[in-house]
Amino acid sequence: MRPFTWLFVLSSSLLIVASCSAPPPPGPEFRPEASIRDVMHAMVEPSAYVLWNSVAEIISASGTELRAPETDDEWDEVRHGAIALRESMNLVLMDGRTVAYPGETSADPDTELEPEQIQALIDGDRAAWTEHVHELQDAVGVAFAAIDAKDPAALMEAGSGIDTVCENCHLTYWYPEETP
């Protein structure tokens, strides 16, 4: 065989072998750093309060005051709260995110379960946990419809729905001994 042909056959063989080897497995795509407790305090609560505080009917001795977003900027602020609330639910579903950091305890042991107990409930029925999270995302979807329509009454109703979904989840995972 000619040297060129021999080199061509050898190079082709090496190329085929190299292309058949499997690529290295990818590393984890996400790296959850914060606990579910952190996400709840830093993102979920403030975002929910943006929605809940955006509309109100305040009754006092001087009469009834209706509070609602009026300008496009105010409605945008409420929309931003809804976006943050809905998307923060994806964060609590991430694999590897724990309820709390090791060694953390309940803020109120008389009414709340300890983080390890909550984690066991979530891990014991991941499908139910996911359903609770999706229910909140769906409830926020109702708020988006009210925001898009710039309908304060519908936004107040949506806020009530969000509160109910949150409370149902908390009754399941945080303080299941409480009665609704």
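From the N terminus on, the elements of this protein run α-α-β-β-α-α-α-α. That makes six helices and two strands. The model is predicted. Of its 180 residues, 29% count as buried.

**Salt bridges**

The count of salt bridges comes to three. The table lists the pairs.

| Pair | Closest N to O distance | Accessibility of each residue |
|---|---|---|
| R37 and E104 | 3.8 Å | R37 22%, E104 25% |
| K150 and D72 | 2.4 Å | K150 40%, D72 48% |
| D148 and R79 | 2.0 Å | D148 51%, R79 25% |

Take the R37 and E104 salt bridge, at 3.8 Å from N to O. R37 lies in helix α2 and E104 in the loop between α3 and α4, so the pair ties together parts that are 67 residues apart in sequence. R37 is partly exposed. E104 is partly exposed as well.

K150 and D72 meet through their side chains in a salt bridge. This pair links distant parts of the chain: K150 is in the loop between α5 (126–149) and α6 (152–173), and D72 is in helix α3, 78 residues apart. K150 counts as partly exposed, and so does D72.

D148 forms a salt bridge with R79. Here helix α5 supplies D148 and helix α3 supplies R79, with the two positions 69 residues apart in sequence. D148 is exposed, at 51% relative accessible area. R79 is partly exposed, at 25%.

**Negative patch**

Which residues gather in a patch of negative charge on the surface? They are E70, D73, E74, D76 and E77. D73 sits in helix α3, which spans residues 72–93. Its relative accessibility is 61%, so D73 counts as exposed.

**A buried contact**

L51 belongs to helix α2, residues 36–54. With a relative accessible area of 2%, L51 is buried. L51 and G159 are 108 residues apart in sequence, yet their C-alpha atoms are 6.5 Å apart in space.

**Cysteines**

The structure holds zero disulfides. Why is C166 not bonded to C169? The closest cysteine sulfur to that of C166 is in C169, 7.7 Å away, which is too far for a bond. A disulfide needs the two sulfur atoms within 2.5 Å. C169 is likewise in no disulfide, its nearest cysteine sulfur being that of C166. Are these cysteines buried or exposed? C166 is buried, with a relative accessible area of 13%. C169 also counts as buried, at 10% relative accessibility.

Definitions and conventions:
Residues are numbered from 1 along each chain as its sequence is written. This is a predicted model: local features need pLDDT of at least 70, side-chain atom pairs count only at pLDDT 80 or more; totals for chains, interfaces and linings use all residues. Side-chain values use heavy atoms; hydrogens and water are left out. Buried means under 20% relative accessible area, exposed over 50%, partly exposed in between (1.4 Å probe, protein chains only). Patches are made of residues with over 30% relative accessible area and no salt bridge: like charges are joined within 9 Å, nonpolar side chains (Val, Leu, Ile, Met, Phe, Trp, Tyr) within 5 Å. Accessible areas come from the Shrake-Rupley method with a 1.4 Å probe; for residues, only the protein chains shown count as cover. A salt bridge is a side-chain nitrogen of Lys or Arg within 4 Å of a carboxyl oxygen of Asp or Glu. Lys and Arg count as positive and Asp and Glu as negative; His and the chain ends are not counted. The place of a charge is taken as NZ of Lys, CZ of Arg, CG of Asp or CD of Glu. Helices (H or I, at least four residues) and strands (E, at least two) are DSSP runs, numbered from the N terminus.
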